[in-house]
Amino acid sequence: MLTCKEFLDGLNDFLDDTADREIRTNLEKHVTECPNCWVIFDTTKKTLQVFKGMEPQVIPNDVHARLLRALDKKMAAKKAQQEKVQPQT
Amino acid sequence: MPVTSEAGVFDESPLVARARQGDASAFNELVTRYERKIFRLAKHITQSDEDAEDVLQETFLKAFEHLPDFQGQSKFYTWIVRIAVNESLMKLRKRKSDRTVPLDEPLDTGEDTVVREIAVWDENPEQQYSREELGKILNESVDSLRPAFRTVFVLRDIEELSTEETAEALGISVPAVKSRLLRARLQLREKLTRFFKRKGDDVFAYL
């Protein structure tokens, strides 16, 4: 029987489904027997689900515009440099 | 028609190849695809709109410059995330030397895995809040974590990098990623319990 501390140590692998079969069986057994650890497991799982559902916000227009301007400048500079190295015949 | 891999995920290697050959529109398409995620990542790590914008620009400028060196062994996204993480951490370090943010406390105090609140949540806790409210709650919770925990959580659980990719991006060991991730997850669980716990359960706490 796992202690609660051992359960917590294995919680990540349990949540990510990366625990070995034997360890997984022990973790599963522990949550059915320990109500507190079941709550911790369930609420941590929900924590991850809530974050996974979060879409990144749209970038402010001015930030996007400044990024494109900076890139244009860089691309133009690179092109100019290449033309200098390989002059057109 | 877009090329899809076996998993049905859009295969962007032709797009990356075109960008490598100097096709500006292909590179701009990659920018459009990932700028929101890179900006979010930079904001979470630096906690500053201004720094996040600098990081965003630096990331794509460097990616463009070093694209010929990109071997295509990792995904393009993982590659630019690594650049963005480096740029963000540089901003943090720079600020630390200005002493405008407090220095990190020691990491392994063991205190962080102490569970203080155990309360059952609602079945779909996020539905109690509007999208804006929920976004604010989640962002503030992440931002209240210490930088060492925050960066690992953002890379693993928000940007969905693997443990190994996270370790590589941050220059720390795999066990360090795992232990920081556990602490980050438990601390966030604790913070979110305040908002998401089932109503009425408080009564029983006093019995």
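Chain A splits into domain 1 (1-55) and domain 2 (56-89). The model is a predicted one. The C-alpha centres of domain 1 of chain A and domain 2 of chain A lie 48 Å apart.

**Where the chains meet**

Chain A offers 25 residues to the contact with chain B, and chain B offers 33 residues in return. Five helices of chain B each supply at least two residues of the side that touches chain A: helix 2 (24-46), helix 3 (49-66), helix 5 (131-143), helix 6 (147-158) and helix 8 (174-196). Which of them gives the most? Helix 8 of chain B does, with nine residues. By class, the side of chain B that touches chain A holds 19 nonpolar, four polar and ten charged residues.

**One helix pair**

Now take helix 3 (residues 35-52) of chain A and helix 8 of chain B. Their axes come within 9 Å and cross at roughly 90 degrees. Angles of 65 to 115 degrees count as roughly perpendicular, so helix 3 of chain A is roughly perpendicular to helix 8 of chain B.

Which residues make this contact? On helix 3 of chain A they are Thr43(A), Thr44(A) and Thr47(A). On helix 8 of chain B they are Arg185(B), Leu186(B), Leu188(B), Arg189(B), Leu192(B) and Thr193(B).

The table sets out the classes for this helix pair and for the side of chain B.

| Region | Nonpolar | Polar | Charged |
|---|---|---|---|
| Side of chain B that touches chain A | 19 nonpolar residues | four polar residues | ten charged residues |
| Contact of helix 3 of chain A with helix 8 of chain B | three nonpolar residues | four polar residues | two charged residues |

Notes
Residues numbered from 1 in each chain as written. Chains lettered and ligands numbered in written order. Predicted model: local features only at pLDDT ≥ 70, side-chain atom pairs only at ≥ 80, totals over all residues. Domains from an automatic or database assignment. Contact = placed C-beta atoms within 7 Å. Helix = DSSP H or I, 4+ residues; strand = E, 2+ residues; numbered from the N terminus. Nonpolar A, V, L, I, M, F, W, Y, C, P; charged D, E, K, R; others polar. Axes fitted to C-alpha atoms, helices over the stretch in contact; angles between N-to-C directions. Parallel < 35°, antiparallel > 145°, perpendicular 65-115°, else oblique.
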